[in-house]
Each structure stands twice: as C-alpha cells, then as structure tokens.
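Here's a set of exercises to work through with the model open in your viewer. Try each task before you read its solution.

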Amino acid sequence: MNAERRRLAWVAVVLAALAPLAESPFAAGRARVDVAQLARQVEGEEDHVTALELAEWIKARRPDLRILDLRPPAQYDSLHIPGAERVPLDSLAALHLRGRETVVLYSEAGAHAAQGWVFLRALGHSHVVFLRGGIYEWIDQVLNPTLAIDATPVERVRYARASALSRYFGGTPVTGVPRVEQAKSVVQLRRRGC
Amino acid sequence: MSAPLPLVGILGERSSLAIALVIGLAFGTALERAGLGSARKLAGQFYLTDFAVLKVMFSAIITAMLGLFWLGRLGVLDLAQVYVPETFLVPQLAGGVIFGAGFVLAGLCPGTSCVAAASGRIDGAMTMLGMFAGVLATGAWFGPIAGFAQRTALGVRRLPDVVHVSYGTTIFAVVAAALGAFYIAERIERRARHEVGT
Amino acid sequence: MSRPAQPYADPYFAGVGLGLVLLGAFVLVGRGLGASGAFASAASEVATVVAPAQAAKSPYFARYLADGVPPWRDWLVVELLGVAIGGGVSAWLAGRMRRTVERGPRLSGRTRLAFAFAGGGTMGLGAVLARGCTSGQALTGGALLSLGSWVFICAAFAAAYAVAPLLRRLWT
C-alpha cells in the first residue's frame, strides 16, 4: 500500500476513533439547560404571554411573529389561533428559526407549550414565550370574554380591551354574566388535555 | 441559534439548480476518473477481479459520513435540516435484490450509465433507455405493488437508533468495517493478478 | 479519438472526492445525490403527455406531478445532466471517449445491448421499490446511516454476487 493511501487511511481511522468520544452531532443532542437562568425567567413572568397580549400582537401585525400550535392535527384543524403553524413537539428541534423571530408556543392547556419553551430555550433560542392556559386561554380571554354582573372597575377596563379584540377575531363578548357561571365555564374548559 | 449550514431559505430555485449542475459535474467527473463509466470494470466487482465499485462507493460513504458527523458536532451544519430518506424495510430489501440482479445484467447503474453514455458507450445509452422504460412501466402499473411498496414504513430510522449505540460509535464501526473490506479486497485482487500472471 | 488513453485515478481518492461532493450537496442544499429520481420525474412527465388518464390514476406518478415542478426544473434531472456532461468531458480529456459497445468477450454487440436494456428495466423496478439506487440510497442514505439504505446496499450486493455466476457468459 503506497504512502498516500496509508495517510488517507490514518486520517479516516483518527476521525472515526474520536467519534465515539465526541458529543452528539445533532444540536438537539447537545442542548444545554441553565436551570438557574430559566427559573429566573419563570419567576419574572418573562416566559409567557397572555392570550390578550398575543391577540394584540397579531392584530398589530407584529413582524417576525411565529405562532406554533403543538396539538394534534385534528384539534388544529377544528380551531387554531390565526396565523399559527402546527408543529409536533418532537419536531421543535428541527425547526429552523432565525434569531429575530419571536416564537409563541401554545398547546391545549399549556403543559406541552411550557415543555416546548424549555426545549427551545435549551437549544439557544432567546425570544420564546408560551400561552400558559393554552387554547383554552385564547377561547376564554379572546373569543368569549365575559363581564360579570358585579364587575369591578379594573375588570371593566380589562373587558373593554378584550371585547374590542374579540370582535376583531370573530368572537362573542358577553356581558351581565353571573360570577358563578363565569367560574364554571372556565373549569369545564380546563378539565381536559395538556 | 441555528447553525449556518445548510443554506435553508437563502437559496432561490435558480441558485439551487446551479448548485445541482455543479455537483453533477463533479459527481460525473469523479465516477469517470475512477473508471466507473466502464461496464466491464464495474462487473469485475462481482467476479472478484476488480473491486473499484467497493472502493469508490465505500470511500465516498465514509468520507461524507465523517464529514457530516464532525460538521454537525462543530455546530457548522444543522443535521436536523438535512433530508434523510425514509425507511421502508421490506420494499427496500426487495428493491435491493431486484436492483442488484439488474446491475449484473447491465453492468451499469443509473448514475454510471449516464457517464458511460456520455463517453460514447452505446450500452450506457441502452441501459438508460431500459431504466426509463422500467420506471415508466412500474409507475404505470403501480396498482398491484402499491400496497407492498408501503409496507414496514418506519419513517426516518438510523442505524444508531436501531442498534442502540451512539452515533459516533456507529460511525467508528462502519469505518472499521469499510477499511477491513478494503484490506480483503486488496488481498483478493493481488491473488487474482498473480493467477493471471500480470 | 486521437488522445492517448490515460490511466484511471486511484479508486480510494476518487471515492474520497466523490464523498466530498456528496458532503458539499448536504452542506449547501441540505440533500444528497440521486439518479433514479431523475428518471422517475421524466417518466411522470412523459406519462402525462402520452396517456394522461392512466398517469393520473398512478399513485407513483401523482407524487411527481403534484409538486408542479417540470423535469427541466427538477433538482435531480439537472444534477444528472451535470453527471453526463462531467463524465463526457472527463472521458474526452482522458482519451477515453470512444463510440463503442462495451461487452464481455463472448457476447455479440446486439445481445449485449439487449441485456443492457433488460438490466436497466430491472433496475428501474428495483429503484422504484427501494426509493432510489446506488446514488440516492447507497451513497446518500448510507452516509446518513439510514437503516433502509444499508438494507438496500446489503441486498443489492448479495443479489449481485448470487446472480453473477449465472451470468458468466455476459462478462467472462
């Protein structure tokens, strides 16, 4: 075997021998979680947005906004937040995200979205938030906002903001709802899923 | 942040096709220079006289495989963005058997038949024609085999996942096996040369 | 032609060169090489033109027709065109350009061409089932460690070695 072939073989052997000792070649396999930093963001409520805030972002056509729906296709098809793309949780790592984008994750009730938030932060994406209440929060706050009969001034202000957005998204704001009914409808929605 | 490569979303169709042409030029050149545009040389692989097919193919595989691994590990290439063909276990096994038989009949494969034809070999052109007819016929009468073709669809399935070892360990094993195969091939070729008296 | 024939390149170095080309494709456009896919794209187009009703019924052609990309804009077709040009120029420069029918010593030209056609047709069927050929499955899928691709490699080599003794007349 001549000298050049021998050299080629050695290069291959060295590169191959080092491979088992190296970390995963996939970015997803090398993701780092700075738990302290993430905990600080959770405590500081920087990890999530409310459905109303998201609705305002969508209405204002905020640039580089990417809304990701983590639910199964059937649920996405029956109702999804306008502008949302459907992405299965296990495909989050393969998502190609540019640095400037603001990613908003949501799932049915928020658990998967919160997990997705940790995944994307671990992969190094800085502008990620999620909807804590999932699609139910959207339905509750944006599509069907309610104003209680004995609403406080704070609640009235909030309702004014919500009903304007609701009408924009084709929702049905309702006033004069007894408090008991208000609480019950939210509980019914939250009973299922993640 | 995502790795800079591959150039997702930056390349338009024209740039992508320009790259396709350049890649093809290099591909064809490499094949021809190795002599794989010659059906007799290719067939020699299966009569244990000329192992060029094995050497070229597996040198190429381990080069690209090591390149993918280390560029991925260094964060230069985002492996998740690279398209991996899906696994259809039984159809690919059957297809492989049929393809292998066809390969010995023709002495050329689809890529090398283009190189052969471009080098003036009429058998290369005939192989291309046969390939075209075969694909056309199979596609036209796909009904009966459509069900079979979809069997054992495992999606993207890599060797490391199947054998439950790390990606790096799998690469080491493949390179070791390839180098071993090269060594054996050299021995057989040397013996064949001695027997012929060259 | 009048150019003197030059020796072939070292197969290992040619292979490494080929591997770097393959790596280049992965790195630039996120995909590997292929050849049989180009034939499929062309066949789908021809089928549509010649027998549109039959072509529409085929789930295989439907896949290629669905994306609305004609063969001349198909990545694999352009790549294969490059393969032909690259191979041709290389052959010409190396003095290996020759209009001939390459065949085993015991075979007539016509028989050889018939077997070439038959072999091509067989490989066409095999490539459709395997979703690729030596370029798309063996080289590309092999480098990506895809299970199905490695199964294809082993099956193809095994079948070729099994069939070769029966076809000695073709090559020896």
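The exercises below go from whole chains to single residues, with a solution after each task.

This is a predicted model, so to speak of local features a pLDDT of at least 70 is needed, side-chain atom pairs count only at pLDDT 80 or more, and totals for chains, interfaces and linings use all residues. Residues are numbered from 1 along each chain as its sequence is written, while chains are lettered from A and ligands numbered from 1 in the order in which they are written.

**Exercise 1. Describe chain C as a whole: its elements, its box and its burial.**

Step 1: start with the secondary structure. Chain C has nine helices and zero strands, where helices (H or I, at least four residues) and strands (E, at least two) are DSSP runs numbered from the N terminus. Read from the N terminus, the order is α-α-α-α-α-α-α-α-α.

Step 2: get the dimensions. Along the principal axes, the C-alpha atoms of chain C fill a box of roughly 50 × 40 × 35 Å.

Step 3: check burial. Of its 172 residues, 61% count as buried. Buried takes 20 or more other C-beta atoms within 10 Å of the residue's own, exposed takes 12 or fewer, and partly exposed is in between, with C-beta atoms placed from the backbone.

Step 4: look at contact range. Two residues are in contact if their C-beta atoms, placed from the backbone, lie within 7 Å. Among the contacts in chain C with a separation of 6 or more, 59% come from residues 24 or more positions apart.

**Exercise 2. Do the same for chain B.**

Step 1: count the elements. Chain B comes to nine helices and two strands, running α-α-α-β-α-α-α-α-β-α-α from the N terminus.

Step 2: box and burial. The C-alpha trace of chain B spans about 60 × 45 × 35 Å along its principal axes, and 58% of the 198 residues count as buried.

Step 3: contact range. Take the contacts in chain B between residues at least 6 apart in sequence: 64% join residues at least 24 apart.

**Exercise 3. Work out how chains B and C meet, then zoom in on one helix pair.**

Step 1: size up the interface. Here, 111 residues of chain C are in contact with 107 residues of chain B. On the chain C side, α1 (11-29), α2 (36-50), α4 (59-66), α5, α6 (109-130), α7 (134-143) and α8 (147-163) each supply at least two residues.

Step 2: sort that side by class. The side of chain C that touches chain B has 69 nonpolar, 32 polar and ten charged residues. For the classes, Ala, Val, Leu, Ile, Met, Phe, Trp, Tyr, Cys and Pro count as nonpolar, Asp, Glu, Lys and Arg as charged, and the others, Gly among them, as polar.

Step 3: pick the pair. The axes of α5 (residues 110-118) of chain B and α5 (residues 75-93) of chain C come within 8 Å and cross at roughly 45 degrees. That makes α5(B) oblique to α5(C).

Step 4: recall the angle scale. Under 35 degrees is roughly parallel, over 145 roughly antiparallel, 65 to 115 roughly perpendicular, and the rest oblique. The axes are lines fitted to C-alpha atoms, for helices over the stretch in contact, and angles run from 0 to 180 degrees between N-to-C directions.

Step 5: list the contact. From α5(B) come Gly111(B), Cys114(B), Val115(B), Ala117(B) and Ala118(B), and from α5(C) come Leu80(C), Val83(C), Ala84(C), Ile85(C), Gly87(C), Gly88(C) and Ala91(C). By class, that gives nine nonpolar, three polar and no charged residues.

**Exercise 4. Follow helix α5 of chain A to its end.**

Step 1: find what is buried. In α5(A), the buried residues are His112(A), Ala113(A), Ala114(A), Gly116(A), Trp117(A), Phe119(A) and Leu120(A). Their cover includes β4 (102-106), β5 (128-131) and α6 (134-143) of chain A.

Step 2: move to Ala122(A), which lies in α5 of chain A. Ala122(A) is partly exposed, with 17 other C-beta atoms within 10 Å. Beyond neighbours within four places in sequence, Ala122(A) contacts Ala31(A), Arg32(A) and Val33(A).

**Exercise 5. Is each of Leu48(B) and Leu145(C) buried or partly exposed?**

Step 1: Leu48(B) sits in the loop between α2 (39-43) and α3 (52-73) of chain B, and its phi is positive, near 60 degrees. Leu48(B) is partly exposed because 14 other C-beta atoms lie within 10 Å.

Step 2: Leu145(C) is in the loop between α7 and α8 of chain C, with a positive phi near 65 degrees. Leu145(C) has 23 C-beta neighbours inside 10 Å, so Leu145(C) counts as buried.
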